[in-house]
Amino acid sequence: MENKRPLILVSNDDGIMAKGISELIKFLRPLGEIVVMAPDAPRSGSGCALTVTQPVHYQLLKKDVGLTVYKCSGTPADCIKLARNQILDREPDLVVGGINHGDNSATNVHYSGTMGVVIEGCLNGIPSIGFSICDHAPGADFDAAGPYVRKIAAMVLEKGLPSLTCLNVNFPNTPELKGVKICEQAKGHWSGEWQACPRRDDTNYYWLTGEFIDHEPENEKNDHWALANGYVAITPTVVDMTAYHFMDELKSWEL
């Protein structure tokens with residue numbers, strides 16, 4: 001019986017032309033057969049959104065030994081659904097999102113299209129990892145992240161992940177990483193989230209912006225602290241959002 005190489009499905013939310021996904025492909029190629037299905041344009045902030053009001057189209061861009069690349073008109077989550085159901089002849093051994101330009105620590109995990117990729121894989125029982133870096137620049141330097149990306153992915157391929165659990169991995173913007181910290185998600189909120197569009201006379205036009213306020217800035221266990229102090233932050237993330245600790249009290253309400 002043929003011993004097939006691991007099948008790795010890759011997507012992102014910055015779009016197929018982003019440097020981050022090109023670097024991710026380069027780092028992962030030694031680990032298995034790579035299939036890329038990524039949005040044809042940026043879809044940042046799309047979370048787990050799906051396209052339901054129009055058809056989704058995909059196009060083959062490249063086919064080499066061990067690497068096949070497609071672009072898709074849909075969202076990051078659409079990309080994973082489409083690849084799994086229409087392109088691949090078997091389930092992926094690993095789903096990977098990124099490398100995102102901009103971090104997805106703390107509450108960003110809920111908004112991130114990169115993590116939408118990961119959550120879609122996780123919900124379907126596939127070990128899934130999201131990678132992001134704290135640098136929004138189109139030409140961001142991913143070199144320091146490369147060895148960590150490859151090692152983390154290799155370990156997940158070897159060991160797997162628990163059911164309904166994925167990994168959210170964030171890199172600080174520094175060429176000298178201090179190592180890895182296994183983190184909890186930072187608790188906080190965004191403040192000053194809208195800025196008036198300066199190119200319009202109508203004051204009802206705004207750009208999304210804002211500043212993240214960490215509620216526990218001295219908590220060395222959280223991902224925000226790890227990134228601020230030069231560490232790679234790995235946050236194990238669950239997609240079961242049930243508040244089990246509140247169920248008994250809710251039953252006592254006699255609804």
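User: Which residues does aspartate 14 touch, not counting residues up to four places away in sequence?

Analyst: In this predicted model, aspartate 14 sits in the loop between strand S1 (7-11) and helix H1 (19-28). Leaving aside residues up to four places away in sequence, the residues that aspartate 14 touches are Ala41, Pro42, Ser44, Ile99, Asn100 and His101.

User: Which side chain makes a polar contact with the side chain of aspartate 14, and at what distance?

Analyst: Two polar partners can be named for this side chain, and one of them is a backbone atom: the nitrogen of histidine 101 lies 2.9 Å from a polar atom of the aspartate 14 side chain. The partner that contributes a side chain is serine 44, at 3.3 Å.

User: What is the nearest side chain of opposite charge to aspartate 14, and how far away is it?

Analyst: Aspartate 14 is buried, yet it has no salt bridge. A salt bridge would need a side-chain nitrogen of Lys or Arg within 4 Å of a carboxyl oxygen, whereas the nearest side chain of opposite charge is that of arginine 43, at 10 Å.

User: Why do cysteine 72 and cysteine 79 not form a disulfide?

Analyst: A disulfide is a covalent bond between the sulfur atoms of two cysteines, and a search of the whole structure finds 0 of them. Cysteine 72 is buried, with a relative accessible area of 1%, and cysteine 79 is buried as well, with a value of 0%. To count as a disulfide, the two sulfur atoms would have to lie within 2.5 Å. The sulfur of cysteine 79 is the closest cysteine sulfur to that of cysteine 72, but the two are too far apart for a bond, because the distance is 3.9 Å.

User: How many of the residues of helix H3 are buried?

Analyst: Helix H3 spans residues 113-123 and is largely enclosed by the rest of the structure. Its buried residues include Gly113, Met115, Glu120 and Cys122, and what covers the buried residues includes S1, helix H2 (76-87) and strand S5 (94-101). The number of buried residues in H3 is 10 of the 11.

User: At the start of H3, which backbone nitrogen does a side-chain oxygen of serine 112 reach?

Analyst: The two ends of this helix can be taken in turn. Just after H3, glycine 125 takes a positive phi of about 80°. At the start of H3, a side-chain oxygen of serine 112 comes to within 3.1 Å of a backbone nitrogen, which belongs to threonine 114.

Key:
Residues are numbered from 1 along each chain as its sequence is written. This is a predicted model: local features need pLDDT of at least 70, side-chain atom pairs count only at pLDDT 80 or more; totals for chains, interfaces and linings use all residues. Side-chain values use heavy atoms; hydrogens and water are left out. Helices (H or I, at least four residues) and strands (E, at least two) are DSSP runs, numbered from the N terminus. Buried means under 20% relative accessible area, exposed over 50%, partly exposed in between (1.4 Å probe, protein chains only). Lys and Arg count as positive and Asp and Glu as negative; His and the chain ends are not counted. A polar contact is a pair of N or O atoms within 3.5 Å; within protein, one must be able to donate a hydrogen and the other to accept it, and residues adjacent in sequence count only if both atoms are side-chain atoms. Contact means heavy atoms within 4.5 Å.
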